[in-house]
Amino acid sequence: MKIVVVNGSMRHGSTWHCADAILQELAKLDPNRQNEVTEFFLPRDMPGFCRGCFSCFYKGEGACPDAAHVSPIVRAIEEADLVVLTSPVYGFDVSGQMKTLLDHLCFMWMSHRPNPAMFHKIGLAVSTTAGMGLGHTVKTMKNSLVYWGVKNAFSFAQPVSAMKWSDVSEKTRSKIQKKAKALALRISRAAARANRRPNPLFRSFLFSLMASMQRGNDWNPTDRAHWEARGWLAGERPF
Ligand SMILES: Cc1cc2nc3c(=O)[nH]c(=O)nc-3n(C[C@H](O)[C@H](O)[C@H](O)COP(=O)(O)O)c2cc1C
């Protein structure tokens, strides 16, 4: 399985260790030892804020002033079977650097130009907090995964009562280990059944809704051409 991990923090902290525990459990479940992991760290690998220039929407993602940083991440996401987004809770939500990446990838939302490769992928949102804010944080990352079109979106949300990994108690670490093992099993089962799993109803509904919106789209020729070229306005589906 090809895996891409986009870390919304530079720290090899509690969040990174939780994601790593899941990856290690996934590796144990892969009899051929063929898991291939590509990792990005933010803001190092994508330092620029979205300027709100609308270039990605109107001219295409290549016109983004930050395309040189965004494109390699998009390519890695395209090639992966499992897309992992991680962020510690900062002020009850994702880190600013994770939000910046999600802003840069809004052009891939189903309301704009969904990437057909996304519809067969599994998504995973990972977060830790000292105490509160996990629900909101995981939802922010899952929203992007779902609206990019992934087939399954999992989450791993862990309170650690600590500011750094070395302060996380043995009891919490062992809980993380157990949870990581159980989640890795669910993910690997979902991957094994990838082609037999039914399409999520919500996604089918959303895609149809967006297709009917694009049929009347006279405000953004770039988005409309994306849908037309793939036959999606004539009833074709990417899933
Ligand atoms: C800027 C900042 C904001 C934070 N905001 C919250 C918060 O809203 N709620 C909370 O419980 N913990 C908050 N924390 C604590 C972290 O979420 C927590 O320590 C997390 O496990 C750190 O993950 P890391 O080790 O992967 O960096 C914050 C930490 C930082 C640095």
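These are my notebook entries on the ligand site, the pockets and two backbone oddities of this predicted model.

**Entry 1: the ligand shell**

I began with the ligand and asked which residues surround it. I found 17 of them, and the closest are Thr 15, Val 89, Thr 128, Thr 129 and Ala 162. Sorting that shell by class gave me 9 nonpolar, 7 polar and 1 charged residues.

**Entry 2: backbone contacts to the ligand**

Next I looked up backbone atoms that approach the ligand. For Gly 91, I noted a backbone N or O atom 2.9 Å from a nitrogen atom of the ligand. For Gly 131, a backbone N or O atom lies 2.8 Å from an oxygen atom of the ligand. Ala 162, already on my list of closest residues, also places a backbone N or O atom 2.7 Å from a ligand oxygen atom. I then checked how much of the ligand is covered: taken alone it exposes 640 Å², and the protein buries 74% of that.

**Entry 3: where the ligand sits**

Which pocket holds the ligand? My lookup put the ligand in the largest pocket. I also wanted to know which elements give two or more residues to the shell around the ligand, and these turned out to be α1 (14-29) and β4 (122-129).

**Entry 4: the largest pocket**

I wrote down a volume of about 270 Å³ for the largest pocket. Its lining has 17 residues, and those closest to the pocket centre are Arg 11, Thr 15, Pro 88, Thr 128 and Met 163. I was pleased to meet two familiar names here: Thr 15 and Thr 128 are also among the residues closest to the ligand.

For the elements behind this lining, I listed α1, β3 (82-88) and β4, each with at least two residues. The largest share comes from α1, which gives 3 residues. By class, I have 8 nonpolar, 8 polar and 1 charged residues in the lining of the largest pocket.

**Entry 5: the second largest pocket**

I moved on to the second largest pocket, with a volume of about 160 Å³. How many residues line the second largest pocket? I noted 14, of which Cys 50, Gly 52, Phe 54, Cys 56 and Asp 103 lie nearest the centre. Two helices, α2 (55-58) and α4 (96-104), each supply at least two residues to this lining, and α2 gives the most, with 3 residues. The class split of this lining reads 8 nonpolar, 3 polar and 3 charged.

**Entry 6: backbone geometry**

Finally, I went through the backbone. Where is there a cis peptide bond? I found one running from Leu 42 to Pro 43, with omega near 10°. Pro 43 belongs to the loop that links β2 (36-41) to α2, and α2 is the helix I had just met in the lining of the second largest pocket.

I also flagged Arg 33, which has a positive phi of about 50° although it is not a glycine. I placed Arg 33 in the loop between α1 and β2. That brought me back to α1, one of the elements that contribute to the shell around the ligand.

Technical notes:
Residues numbered from 1 in each chain as written. Predicted model: local features only at pLDDT ≥ 70, side-chain atom pairs only at ≥ 80, totals over all residues. Heavy atoms only, no water. Near = heavy atom within 4 Å. Polar contact = N/O pair within 3.5 Å; in protein donor to acceptor, adjacent residues only side chain to side chain. Areas by Shrake-Rupley, 256 points an atom, 1.4 Å probe, with all protein chains shown as cover. 1 Å grid on protein atoms, 1.4 Å probe; cavity = no way out; pocket = protein on both sides within 12 Å on 5 of 7 lines; lining within 4 Å. Sits in = over half its atoms within 2 Å of the grid points. Helix = DSSP H or I, 4+ residues; strand = E, 2+ residues; numbered from the N terminus. Nonpolar A, V, L, I, M, F, W, Y, C, P; charged D, E, K, R; others polar. Points joined across faces, edges and corners; volume = space filled by probe spheres on them.
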